[in-house]
Amino acid sequence: MSIAENLKKIEESLPPQVTLVAVSKTHGESEIMEAYHAGQRAFGENKVQELVGKWEALPKDIEWHMIGHLQRNKVKYLAGFVSLIHGVDSQRLLEEIDKRAGAHNRVVDCLLQVHIARESSKFGFDEKELEGVLQEGVLSSLPNVRIRGLMGMATFSDDPELVASEFRYLKSLFDRLMAGREHADILSMGMSGDYRIAIGEGSTMVRIGSSIFGERNYP
Ligand SMILES: *Cc1c(COP(=O)(O)O)cnc(C)c1O
């Protein structure tokens, strides 16, 4: 099936409250444009250099999502245009985003990444750390970032019960910690292999790459 057909099939299967981010990392501009012409506007990348190159080359009404691990020294390259940063995993990173967004007179939308998987290689806050960053004293000193919600990645596993339980835990944190916060309406969970489970557990944003674009083209 073509990229446009894959997109259409996935879009049609998503409930109306779920937003699709098309993860285009390693795929070329022509593939992204095929999705763009099919109506897709939100694209996700996990490397700053690749993200910046594609932003420069492609139509300016594309919403660019930074979905990967973000190093503080690279925030300055994307602070001027990025639409949503999914992987904020430290207060120092949040402070850097605030500073660089301020330099562009922007308020940058961010998701706090939570470590929900068994793999230690995955990033994110634990529950206690999350409560720490979400204290009013911390956030009120960062006027150029806006916490839009939480993001998490489940264990890479064939066991749907394990994956579901991890997403359920993230949803419970979301309900407890985002309740009553203005604009905190995004729960980013679910990729090609597990987005149906994630939606069943309350995801409002899925990040899907290979089911749209096929296997990744690693150099
Ligand atoms: C690559 C990536 C995805 C998409 O993965 P697929 O399995 O290709 O859908 C989603 N989220 C993050 C953080 C990623 O790095």
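How far from an oxygen atom of the ligand does a polar side-chain atom of Arg 216 lie? The legends below, which describe a predicted model, begin with this contact.

**View 1. Polar contacts of the ligand with Arg 216, Ser 192 and Gly 209**. A distance of 2.6 Å separates a polar side-chain atom of Arg 216 from an oxygen atom of the ligand. Ser 192 likewise places a polar side-chain atom 2.5 Å from a ligand oxygen atom. At Gly 209, the partner is a polar backbone atom, 2.8 Å from an oxygen atom of the ligand. The protein buries 91% of the 390 Å² that the ligand exposes when taken alone.

**View 2. The shell of residues around the ligand**. Val 23, Lys 25 and Ile 67 belong to this shell, as do Met 151, Met 153 and Met 191. The ligand is also surrounded by Ser 192, by Arg 207, Ile 208, Gly 209 and Ser 210, and by Arg 216. By class, the shell comprises 6 nonpolar, 3 polar and 3 charged residues.

**View 3. The largest pocket, in which the ligand sits**. The volume of the largest pocket is about 380 Å³. It is lined by 18 residues, of which Lys 25, Asn 46, Ile 67, Met 153 and Met 191 are the closest to its centre. The lining of the largest pocket divides into 6 nonpolar, 8 polar and 4 charged residues. Lys 25, Ile 67, Met 153 and Met 191 are also among the residues that surround the ligand.

Technical notes: Residues are numbered from 1 along each chain as its sequence is written. This is a predicted model: local features need pLDDT of at least 70, side-chain atom pairs count only at pLDDT 80 or more; totals for chains, interfaces and linings use all residues. Side-chain values use heavy atoms; hydrogens and water are left out. A residue is near a molecule or strand if one of its heavy atoms lies within 4 Å of it. A polar contact is a pair of N or O atoms within 3.5 Å; within protein, one must be able to donate a hydrogen and the other to accept it, and residues adjacent in sequence count only if both atoms are side-chain atoms. Accessible areas come from the Shrake-Rupley method with a 1.4 Å probe; for residues, only the protein chains shown count as cover. On a 1 Å grid over the protein atoms alone, a cavity is a set of points where a 1.4 Å probe fits but cannot get out, and a pocket is an open set with protein on both sides within 12 Å along at least five of seven lines; lining residues have an atom within 4 Å of a point. A molecule sits in a cavity or pocket if more than half of its atoms lie within 2 Å of its grid points. Ala, Val, Leu, Ile, Met, Phe, Trp, Tyr, Cys and Pro count as nonpolar, Asp, Glu, Lys and Arg as charged, and the others, Gly among them, as polar. Grid points are joined across faces, edges and corners, and a volume is the space filled by probe spheres set on the points.
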